[in-house]
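Colleague: Could you take a close look at one part of this model for me, and then lead on from there to whatever else deserves attention?

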Amino acid sequence: MTRQSSLLYLDGVSVSFDGFKALNELSLVIAPGEMRAIIGPNGAGKTTMMDVITGKTKPDSGEVYFNGVVDLTGEDEASIAELGIGRKFQKPTVFESHTVWDNLELALKAPRGPFSTLFHIISGGEKTRIEELLALIRLSDKRNELAANLSHGQKQWLEIGMLLAQDPKLLLVDEPAAGMTDAETMETAELLKDIARTHSVVVVEHDMHFIRALGVKVTCLAEGSVLAEGSLDHVSANERVVEVYLGR
Amino acid sequence: MMTSFLFRTLDARAGIFIGLMLAAIILVPALNLLVPEGSTFHVPTYAVTLMGKYLTYALLALSVDLVWGYCGILSLGHGAFFALGGYAMGMYLMRQIGTRGVYGDPILPDFMVFLNWKELPWYWYGFDMFPFAALIVLLAPGILAFVFGWFAFRSRVTGVYLSIITQALTYALLLAFFRNDMGFGGNNGLTDFKDILGFDIQAGTTRAGLFAASGLALVVCFLICRAVTRSKLGKVLVAVRDAESRTRFLGYRVEHYKLFVWTLSAMMAGIAGALYVPQVGIINPGEFAPANSIEVVIWVAVGGRGTLVGAVLGAILVNFSKTWFTAALPEIWLFALGGLFVVVTLFLPKGLLGLMDKGWSALRRRPAKDTAAHGAEPQPAE
Amino acid sequence: MSFLKSFLLLLCLLTGFSGAVIAQEDLESLRPLVNALAEGKFKETEQQVADLAATGNPAVAPLLEALGNGDLQFRKSDKAVFITRSAGKGYQLIDPLTHEVAGEASRSEVTKIKVNNGLRRSIRAALGSLTLMAKDPDVRKTAAAAIFKAKDPEAIESLDTAIAKESDDDVRLVMEQARAAAVLNSDGGDADRLEAIDVLASMGNRDALSLLTGFAASAEGEQKAAADKAITRINKSLALWGNAQNIWYGVSLGSVLLLAAIGLAITFGVMGVINMAHGEMVMIGAYVTFMVQEMIRSSAPWLFDYSLLIALPLAFVISGGIGMAIERGVIRWLYGRPLETLLATWGISLMLQQAVRSIFGPTNQEVGNPSWMSGAFELGQLTITYNRMWIIVFALLVFAGLMLVLKKTPFGLFTRAVTQNRRMAASMGIRTPWIDALTFGLGSGIAGIAGVALSQIDNVSPNLGQGYIIDSFMVVVFGGVGNLWGTLVGAMTLGVVNKFLEPYAGAVLGKILVLVFIILFIQKRPRGLFALKGRAVEA
């Protein structure tokens, strides 16, 4: 696929910290509307890759393009988020001293400048949208609860809800099933599949059941570069993938 | 539009606070001016001035609470903005002295004559006009805060680092204002004021007026802070306080928010300083001392940060105790103040208001989660 | 004449020791020459002075000095010559050679040996050549240096003889410089003067510079050109030395900053605890020194030179103990909340200050320098005071010691383990609370011994610590938190930069500029000079 027709385009991206190569000539292309699962052992560079895409870390070399034309290496976190890339963290990070409602209201797509927010008065449309999201993430009855009082799984869902509220073109979801029960994991997979119908999604996950439930193209990273790409069966049949996972 | 913006978020506590303040603004001057001196209800002028001073401190505390309590920026340098506002006012008051100074020079303040200066430095121009001085009261702290904040927030200096460089900022200004050739009176600062807006600065009526002005400024700034913190912007600020990086990934340009609230807060501190100077009759570089700025933080912590009312309460309580201690037991005061720092951080992380809320809800046997209705409750910033 | 007096005084002191070796008969052989002074006019006296000087005997020097001052008189009755000192209405008579008191005389019994200006000049020259020939090289050197200052053309001749005979290179150099100074002051020829200018140019100090500047003002032609060239050359070398001096002052200030900051580098840098009472630990160390010295003064004055050595371990233990008490009592409840720690420790610092003020009073306390820390020596054009030098040495020793403790001892290993991964360390069986307390105690103890050193150069008052706290934080932040080498480099850099700014901007403005510089620097590199780069952590 060419850069122009891609949604996200990484080519030859390298990042090193004090000599340690976190990313090594990583290349990855996500098509518009695609859902992609990324797997890889610890230290494979999954989180660093997310950091590079969202502007938290600047790559030492390589190209990162969004929508085929926007060079992400020149943008900061806020403007990348405004371009339409949303991120869910590995550890659920919600605003604990805000209510569930306020968390969603803050995430809702709206002008982000200080003066727009200062004089902002919530509109009917926004209220409806928040209600919809609350229903989707099953937190309608917790709307006035402080986010701090939610359970781990509920926080994960709230964060996904916040991601949706941003209405991004591309969602980066880092280990959404971590710390969830099996039932919750499956529900989360369904929710993500639902979301993938209208958005492009990149999911990083360890849980193979979860990946299988998603049933999408899988990329396996190891030591900062792509090891294998294809269906889950194809990837897990790859000898080198087995090697890095079992550490032979 | 503006009034609805200011008043739309009043709750019971804020209502009580504003009611009390307005009562004080009317009652204290009335009891001072209208009740004869012998009466038990008479408030002596020195007490009016003292309370006026507390109110300016309260305003300073309010401004610190705005950045610390809501945005997690622990400023150890707000005294610098307070002092800059004070100096701007002091310069106006100096120019009002006219020929009544010791040397009787119509233009030059005494210390300049003493230093053998021939001309008024350019930055003293215009201070003979009150509106100009009032503008500088806002602009000097505002611009300094803006420039400083622009550098600091853009390069993401946060937490303890930011606290330390704010302290260095006020320390640098302290050193600078001690210099005679800066043209701000050096060591002695600006003093011997005669009148303000044509009123004798020593007169009881002027004192009462200054008290009322301080009270009014406090109420107005309180309403502004209230409106800001209850707006969506206020929610973003709390979000920044609790999870700065997350807020960035939501697309908020955190540095702009910080810069906005930081500059606003500095300007409020400047107003506090400007009201402080005519009441105490002097402004000198000592106001820049880092220790003063840290003391303000403890006022806020005592009252309860992130509550606005708590900052005012804390400032008045601590300063009242200071006045009492330094008169009765001067040796003990620093022990008491030091102890306060330790006790409040260890045992009262939410301050007195937090304690009151706790007692209140225990009394009414209501679960703690109802406090959620108040919106942003103070949480440890880390 | 004061220079002459002072060098003669020195001479007397020196000869006081070496003179004892000179045999009595040597002195007695001089007696006739001395007594001859009682006879004759100025012309003869001049000859006699020359004769005396020609003996090369240093015992003659005080006698000639007395003659020049008009203190040499002879007894009318026997024409015996004495140095006289006013005593009551008359004089005390002192033997001119043995310096023993030889009785008294009324004013009418003695007559002054008359001197005029011409004679005084000869006496001076004679004295010069006499001392230039002395056996002791130090005496010769002092004499030459005195001539350099006097720029006496009359001395050229005696200098020439002395230079020819001189065996000590150092002394000869000083003599040649003295000769050059004298030559410039005389009306010598071109070649001679150019050579003199050369000698002075290579001397390269301020004395030579002022001499040459004075000369160049009145010189002409080739001589002026040569002098001007020499002046530029000296100015250049002086500027170099000036830089060296600035670096020295800077390193000295840097070592003070290092001492103050190094304890902080542990508590803040390694543990991440902001300790605003750190300055007070330094202050307490200084007060420990004061108490130790007080006790020594009252009970064992002979120990005074060791007072600092006694104070060091005491200060370490006391400050360290207080530090541990603070950690156990307050800070451990606030781990992970740096801003609260900052406020609580600020409160503690207020209390400690007030406690010291209540016990010792608000005024400065007198802390003395032991003898080995007072005085100074010269290195080229540098003046180096012993107390500054020892503080630099001490700061580096403390730094090295701390490095050793942290890198080579089990305690250091545990500390690093705990700071890197507390839970992991705990599960390995390390008692993390104890390590916290000990590490904090170590940082505070080092602040205490810094206080011992700082008591030598700063006022010991309850506010001592306050003056260092902001600077120390600046050093740690500038150097990079968690990196002791960064603290070292940071302290030295800030010290040197400060001292280089001072001459241009003044002390206060220099300090402000440094603060502004650091504020700007932190913008560029928020984690300091030697920041540890790491994998980006989660929100």
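Modeller: Happy to! Let me start at A:D167, which counts as partly exposed because its relative accessible area is 43% (buried means under 20%, exposed over 50% and partly exposed in between, with a 1.4 Å probe and protein chains only). This is a predicted model, so local features need pLDDT of at least 70 and side-chain atom pairs count only at pLDDT 80 or more, while totals for chains, interfaces and linings use all residues. Residues are numbered from 1 along each chain as its sequence is written, chains are lettered from A and ligands numbered from 1 in the order in which they are written, and side-chain values use heavy atoms, with hydrogens and water left out.

A:D167 sits in the loop between α6 and β7 (170-174) of chain A (helices are DSSP runs of H or I with at least four residues, strands are runs of E with at least two, both numbered from the N terminus). What caught my eye is its backbone: phi is near 50 degrees, a positive value in a residue other than glycine. Most residues other than glycine have a negative phi. Chain B offers another case in B:N116, with a positive phi near 70 degrees. B:N116 lies in the loop between α5 (110-114) and α6 (130-154) of chain B and is exposed, at 54% relative accessible area.

Back in chain A, helix α6 (residues 152-165) also carries A:K155, whose side chain meets that of A:E96 in a salt bridge at 3.2 Å, N to O (a side-chain nitrogen of Lys or Arg within 4 Å of a carboxyl oxygen of Asp or Glu). A:E96 is in the loop between β6 (85-88) and α3 (100-107) of chain A, so the pair ties together parts that are 59 residues apart in sequence. A:K155 is buried, at 14% relative accessibility, whereas A:E96 is partly exposed, at 35%.

A further salt bridge in chain A joins the side chains of A:E131 and A:R143, at 2.7 Å from N to O. A:E131 belongs to helix α5 (residues 124-136) and A:R143 to the loop between α5 and α6 of chain A, so this pair links parts 12 residues apart in sequence. A:E131 is partly exposed at 32% relative accessible area, and A:R143 is partly exposed too, at 24%. In addition, A:E34, A:R36, A:K217 and A:E229 are linked in a network of salt bridges. Over all chains the rule counts 31 salt bridges.

One of them crosses between chains: B:R305 and C:E340 meet through their side chains at 2.6 Å, N to O. The rule finds 1 salt bridge across the interface of chain C and chain B. There, 42 residues of chain C are in contact with 42 residues of chain B (heavy atoms within 4.5 Å). The area buried between the two chains is about 3900 Å², and carbon and sulfur atoms give 77% of it (the accessible area, with a 1.4 Å probe, that two parts lose on being put together, summed over both).

Chain C has its own points of interest. Helix α14 (residues 338-360) has 23 residues, so at 1.5 Å a residue it should span 33 Å, which agrees with the 32 Å between its end C-alpha atoms (the expected span is 1.5 Å times one less than the number of residues). After α14 comes C:G361, with a positive phi near 90 degrees. The side chains of C:E327 and C:R328 form a salt bridge at 2.8 Å, N to O; C:E327 is buried at 0% relative accessible area, while C:R328 is partly exposed at 26%.

In helix α15 of chain C you will find C:N387, which is buried at 14% relative accessibility. Leaving aside residues up to four places away in sequence, C:N387 touches C:N369, C:M373, C:Q456 and C:I457. C:L397 is placed in α15 of chain C as well, and C:L397 is exposed, at 55% relative accessible area. C:L397 is part of a nonpolar surface patch that also includes C:Y306, C:W372 and C:W390. Of that patch, α13(C) supplies the largest share, 4 residues.

Note on methods
Patches are made of residues with over 30% relative accessible area and no salt bridge: like charges are joined within 9 Å, nonpolar side chains (Val, Leu, Ile, Met, Phe, Trp, Tyr) within 5 Å. Accessible areas come from the Shrake-Rupley method with a 1.4 Å probe; for residues, only the protein chains shown count as cover.
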